[in-house]
Amino acid sequence: MDRAIVKYSHCARSVYRFPFSPSGAEEGDVCPVCSERLRFGLLGAPVAVPSPFIVAHAAPCAFVVGSVHGPYFLGEWNDTELHVGITNSRGLVHNYTISGIRKDQCGWEQCVCVPLLQPGTDRRTALWDKELEEFSSLSTWVPERFHEEKEFGSCCYGFALSFINHMRALDGKKSFSRDEFTSSYVLPKVKMASDYIRVYLEILQHGFYISANPNDLVQAFFLTKRQLSLLFPRQ
């Protein structure tokens, strides 16, 4: 998913497509609704739609969701097994696998991300790294115990959510159940990614995507960012 998406409004519709050629819409690009030639003023110029997929290694102190098959498989309709991990302050992804704990410096380039810690909190960041390193070395996460039934089901998810709850316990906060964390923090991100994938595939097939809602995809992105308050705010 290596192409950006832009959005512009025309004929009271939102039109999504891949970016115009370097010469812009001056060479005969037309509106797919009315077939008129497109001309944009400053306020009506196409805007880039933020991608929901991020490089996990550039997302410090976060819960990250990825797929070995690529971002297309992160959609909510796909039943392919996903993999999750927790990043430290340097973007090293700690994740639990059949071979035990891995600490990946690469391989998580297009992921869904739930930020967990306010950037710029040095004391909290140092504590996060220390606790994550110690938590990863616990005997709970050795290879021999990978297939044991865990509190939160999936082994990799169990590792990640157990660490989040460990950090919340240090703050005197209530632990999350799997359903609570998933519905409040993960599913909104997956829904946003699914919408983006759907629009992207429509553009690949038809050259554009038209919506009657003037702000649907862009608005969803910013609403989701506001709804997903950080689990460990600045202190």
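What follows is a conversation between a visitor and a guide about a predicted model.

Visitor: Let's begin with the sheet of five strands. What makes strand 7 and strand 8 its edge strands?

Guide: This open sheet has the order 7-6-5-4-8, with antiparallel pairing. Strand 7 and strand 8 each pair on one side only, and they are the edge strands. Neighbouring strands here are turned against each other by 25° on average, with direction ignored.

Visitor: How do you know that strand 5 and strand 6 pair?

Guide: A pair needs at least two bridges. Strand 5 and strand 6 have two bridges, in the antiparallel sense, so they count as paired. One place to look is Ile-86, whose bridge partner in strand 6 is His-94. Thr-87 stands opposite Val-93 of strand 6. The two strands form a hairpin with five residues between them, and Gly-91 in that turn has a positive phi of about 80°.

Visitor: And what joins strand 6 to strand 7?

Guide: A hairpin does, through two residues. Strand 6 and strand 7 (residues 100-104) pair over five bridges, again in the antiparallel sense. Asn-95 has Arg-102 of strand 7 as its bridge partner.

Visitor: Why is strand 6 called mostly covered?

Guide: Five of the five residues in strand 6 (residues 93-97) are buried. On one side these are Val-93, Asn-95 and Thr-97, and on the other they are His-94 and Tyr-96, so by the under 20% cut-off for buried both faces are covered.

Visitor: Which helices lie against this sheet?

Guide: Helix 1 lies across strand 4, strand 5, strand 6 and strand 7, and runs at about 135° to strand 5. Helix 2 packs on the sheet too, touching strand 4, strand 5, strand 6 and strand 7, and its direction makes about 30° with that of strand 5.

Visitor: Why is Ala-59 called buried?

Guide: The cut-off for buried is under 20% relative accessible area. Ala-59 has 11% relative accessibility, so Ala-59 counts as buried. You will find Ala-59 in the loop between strand 3 and strand 4. Leaving aside neighbours within four places in sequence, Ala-59 is in contact with Ile-54, Thr-87 and Cys-113. The C-alpha atoms of Ala-59 and Ile-86 are separated by 9.8 Å, with the two residues 27 apart along the chain.

Visitor: His-10 caught my eye. Is His-10 buried or exposed, and why?

Guide: Buried, because its relative accessibility is 19% and the cut-off is under 20%. His-10 is found in strand 1. With neighbours within four places in sequence left aside, its contacts are Cys-31, Cys-34, Glu-36 and Leu-38. The bridge partner of His-10 in strand 2 is Arg-13.

Visitor: What makes strand 1 and strand 2 a pair?

Guide: Strand 1 (residues 6-10) and strand 2 (residues 13-17) run antiparallel and are joined by five bridges. At least two are required, so they qualify as a pair. They belong to an open sheet of four strands in the order 3-1-2-9, paired antiparallel. Its edge strands are strand 3 (47-48) and strand 9 (209-211), as each pairs on one side only.

Visitor: Which helix lies across strand 2 and strand 9?

Guide: That is helix 3 (residues 178-206), running at about 130° to strand 9.

Visitor: How do you know that the span of helix 3 agrees with its number of residues?

Guide: At 1.5 Å a residue, its 29 residues should span 42 Å; the end C-alpha atoms are 39 Å apart, so the two values agree. Helix 3 does bend, by about 45° at Val-186, with the proline Pro-188 following within four residues. After helix 3 comes Gly-207, with a positive phi near 90°.

Visitor: What makes up the largest nonpolar core?

Guide: This core has 43 residues, and those touching the most other members are Ile-5, Phe-53, Phe-63, Ile-86, Trp-128, Ile-164 and Phe-181. Strand 4 (62-66), strand 5 (83-87), strand 8 (112-115), helix 1 (122-136), helix 2 (155-170) and helix 3 each supply at least two residues. Helix 3 provides the largest share, 10 residues. Apart from this core lies another of eight residues, including Ala-56, Ala-62, Val-64 and Cys-113. As a general tendency, nonpolar side chains in soluble globular proteins are buried together.

Terms used
Residues are numbered from 1 along each chain as its sequence is written. This is a predicted model: local features need pLDDT of at least 70, side-chain atom pairs count only at pLDDT 80 or more; totals for chains, interfaces and linings use all residues. Side-chain values use heavy atoms; hydrogens and water are left out. Contact means heavy atoms within 4.5 Å. Axes are lines fitted to C-alpha atoms, for helices over the stretch in contact, and angles run from 0 to 180 degrees between N-to-C directions. The expected span of a helix is 1.5 Å times one less than its number of residues. The bend at a residue is the angle between axes fitted to the seven residues ending there and the seven starting there. Buried means under 20% relative accessible area, exposed over 50%, partly exposed in between (1.4 Å probe, protein chains only). A nonpolar core is a set of buried Ala, Val, Leu, Ile, Met, Phe, Trp, Tyr and Cys residues joined through side-chain atoms within 4.5 Å.
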